[in-house]
Amino acid sequence: MTVQPNDSLLEVKDLQTHFFMAEGVAKAVDSTTFSIGRGKVLGVVGESGCGKSVTARSIMRMVRPPGHTVDGEILYSRADETGQTTSVDLLQLPATGAEMRSIRGGEISMIFQEPRASLSPVHRVGDQITENILLHQPVTPSEAELIAIDMLQQVHIPLAEQRMGAFAHQLSGGMCQRVMIAMALSCHPNLLIADEPTTALDVTTEAQILELMQGLQAELDMAIMFITHDLGVVADMADEVAVMYLGKIVERGAAADIFRDPKHPYTIALLESLPRMDQKRDWLQTIRGVVPDPYSTLNGCPFHPRCADSMPGVCDEIVPQPISLEDGREVRCLLYTEHATQESPQLAEESSHQ
Amino acid sequence: MPPRKAPNSQRNPAINSNADSYPLLEVNGLKKHFPISAGLFSKVVSHIKAVDGVDFTLQKGETLGLVGESGCGKTTVGRLIMRLYAPTAGDINFRPHGEEGAQYDLATLDNKALRPVRTHLQMIFQDPYTSLNPRKTILDIIGEPLRLNGMSRGSELEDRVVEMLRLVGLRPEYITRYPHAFSGGQRQRIGIARALILNPTLVIADEPVSALDVSVQAQILNLLKFLQRELDLTYLFIAHDLGVVKHISDRVAVMYVGKLVELAEADDLYRKPLHPYTEALLSAVHVAGPAHSQSERIVLEGEVADPSNPPSGCYFHPRCRYAQERCQQETPELRSAAENRYVACHFADELDLAGAGTT
């Protein structure tokens with residue numbers, strides 16, 4: 001299931017986006033490395049504050065001060081004029097330059113969590129979609145309007161032609177999210193970044209939107225970076241999953257493998273703490289403590305104060321590096337290194353769980 | 001603090017076999033219609049039927065989960081019981097002093113008569129960030145119900161607050177801090193402490209964990225269960241997350257456009273729903289497990305009906321895949337389908353609906 005380097009659409013290497021605040025430096029994204037294959041769905045999961053949205057905004061080059069992407073590479077493969085695939089480092093492009101602007105919204109587009117808040121309240125939705133089409137495609141305004149109507153039909157908005165003239169407040173939350181999707185897909189992007197696209201929606205509407213996204217993804221052969229805190233949605237949508245904690249990807253691998261056999265203690269604990277409809281448990285497993293505040297400077301593994309399998313003298317001193325396991329899994333945990341066997345051999349076994 | 005791992009105790013003893021159990025709350029024909037006014041003289045042109053004829057009982061010591069999509073009226077039901085709204089019709093019979101004790105009809109009591117009864121009724125709110133006054137210390141916030149009701153003051157009040165803080169798993173030294181110093185989960189613990197300090201009988205929890213992260217959500221759910229056992233509480237647990245509701249509830253009621261469509265014991269409802277809407281809700285939930293570990297997903301067409309102008313007959317018929325002609329004309333009543341099972345569907349006996357895969 002691992003993505004071969006040559007067919008990866010986007011490769012993020014050692015991305016570091018920090019926020020420089022009066023309280024200190026918050027390392028929202030701290031050496032994050034991953035890649036997304038052409039036409040694949042990468043699910044990024046984690047709790048609030050883990051850096052998943054900032055990662056997305058870093059790729060779009062939309063991080064606002066006091067946030068700055070201080071280091072790393074974001075290699076995006078695009079076809080140049082001659083049809084050759086070349087790789088550009090998005091971080092080397094000026095964020096407001098012509099090239100970045102043509103990529104943003106055209107080749108890489110994004111949908112946001114709160115559909116109503118991300119649409120303009122004073123412009124008709126049709127105008128908002130056509131604006132994006134006119135920016136990125138060499139078409140006339142009337143052609144753009146036809147494309148926009150076609151997009152609205154593709155996202156199953158009834159009476160699309162009439163809805164072109166509607167304002168955001170006249171549409172329900174699910175409808176607004178469909179408009180956002182129509183806008184994001186109107187230029188046939190190679191990569192769609194969906195940041196919690198269904199979190200604000202009801203379950204039945206969520207099911208409609210997810211089915212729609214899956215259908216369009218297959219049809220348009222587009223890659224999706226699907227950011228969510230909902231492990232259930234990821235299990236259903238993603239080919240690959242990256243689990244983030246405090247700005248770092250702690251585990252990455254094929255979705256099926258991660259849900260069948262999670263390796264990192266954090267992933268294990270997250271899955272255990274979910275109340276499930278298909279199981280009956282009296283008490284839920286919890287993760288002790290809370291996510292530390294982003295300014296704290298923890299030694300060693302960022303998860304060690306909350307980790308049930310933490311090894312004293314090891315986990316609080318050594319910063320774990322990504323370790324490749326079999327089946328293409330990557331995990332940042334010292335339990336899978338030689339430190340575990342030296343200190344206490346039984347721990348590694350315990351943590352591998354069930 | 002609740003233990004991290006499950007002690008080997010039974011789930012809440014069956015609802016009716018509990019000798020201690022009696023209907024603490026009986027809600028009959030509860031309605032709340034909000035007027036829609038328009039025009040120069042704000043003439044009332046129609047009504048939003050937010051709650052339109054809801055009946056249920058709550059047994060002492062049980063947890064009743066109330067689920068439904070946004071706008072279905074579940075929060076309004078909670079607020080009507082709290083008498084934050086005056087009901088349009090119906091009665092709410094409440095027996096806080098035991099089976100033989102006095103019974104109050106919350107729907108008709110005036111504000112003065114409500115005051116002593118209200119100490120038995122408390123509410124936990126959804127958003128821990130907006131439900132705590134940022135200018136008050138934890139002592140003020142948690143102690144306010146005691147002070148308002150003239151129950152204690154001074155050092156006695158402080159002792160009670162410290163006791164509550166310990167009970168909900170917060171450190172007593174936090175007592176002089178302000179809400180901003182706490183995380184979402186800790187704030188929700190403060191909200192719980194405030195709700196429980198008057199020693200209520202019935203607690204209405206309106207989406208108490210939906211604003212929290214999964215790991216914190218699990219802590220708060222465990223805490224609520226632990227407190228229920230310690231303090232013999234009865235919960236009306238309003239939520240939209242079906243996994244959470246299944247976990248905490250003994251019985252579950254499903255609401256759609258102001259009416260209950262199904263009410264049953266949690267296990268039965270999830271194993272074999274009787275109403276097509278319940279089936280669709282269950283199938284829409286994504287299970288965090290290896291893919292395809294669940295049955296076929298039913299994607300409902302269209303949107304939730306407009307409560308000011310609901311469809312004819314069964315409100316769910318335009319979205320129901322089993323709808324027949326009768327459903328367009330006749331409104332199904334909530335009726336008893338089996339022991340402890342109620343459903344509002346004409347064809348509940350004939351349909352064979354899929355539940356959530358129970359293993």
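**Exercise 1. Find the partner of B:Lys225 in a salt bridge across the interface, then place that pair in the contact of the two chains.**

*Step 1.* In this predicted model, a salt bridge joins the side chains of B:Lys225 and A:Asp282, with 3.7 Å from N to O. The distance qualifies because the rule asks for a nitrogen within 4 Å of a carboxyl oxygen.

*Step 2.* Now count such pairs: the rule finds 2 salt bridges across the interface of chain A and chain B.

*Step 3.* Turn to the area. About 4200 Å² is buried between chain A and chain B, and carbon and sulfur atoms give 56% of this. On the side of chain A, A:Asp282 appears again: A:Met277, A:Asp282 and A:Trp283 lose the most area to chain B, together 23% of what that side buries.

**Exercise 2. Work out which helix gives the most residues to the side of chain A that touches chain B, and sort that side by class.**

*Step 1.* Chain A brings 42 residues to the contact and chain B brings 51.

*Step 2.* Across the interface, 10 residue pairs are in polar contact. The elements of chain A that give two or more residues to its side are helices H8 (203–220), H9 (231–237), H10 (255–260) and H11 (265–272).

*Step 3.* H8(A) gives the most, with 8 residues. By class, this side of chain A has 18 nonpolar, 11 polar and 13 charged residues.

**Exercise 3. Describe how H3(B) and H5(B) are arranged.**

*Step 1.* The axes of H3 (138–148) and H5 (184–196) of chain B come within 7 Å and cross at roughly 30 degrees.

*Step 2.* H3(B) is therefore roughly parallel to H5(B).

*Step 3.* B:Ile138, B:Ile141, B:Ile142 and B:Pro145 of H3(B) make the contact with B:Ile190, B:Ala193 and B:Arg194 of H5(B). These residues divide into 6 nonpolar, no polar and 1 charged.

Key. Residues are numbered from 1 along each chain as its sequence is written. Chains are lettered from A and ligands numbered from 1 in the order in which they are written. This is a predicted model: local features need pLDDT of at least 70, side-chain atom pairs count only at pLDDT 80 or more; totals for chains, interfaces and linings use all residues. Side-chain values use heavy atoms; hydrogens and water are left out. Contact means heavy atoms within 4.5 Å. Buried area is the accessible area (1.4 Å probe) that two parts lose on being put together, summed over both. A polar contact is a pair of N or O atoms within 3.5 Å; within protein, one must be able to donate a hydrogen and the other to accept it, and residues adjacent in sequence count only if both atoms are side-chain atoms. Helices (H or I, at least four residues) and strands (E, at least two) are DSSP runs, numbered from the N terminus. Ala, Val, Leu, Ile, Met, Phe, Trp, Tyr, Cys and Pro count as nonpolar, Asp, Glu, Lys and Arg as charged, and the others, Gly among them, as polar. Axes are lines fitted to C-alpha atoms, for helices over the stretch in contact, and angles run from 0 to 180 degrees between N-to-C directions. Angles under 35 degrees count as roughly parallel, over 145 as roughly antiparallel, 65 to 115 as roughly perpendicular and the rest as oblique.
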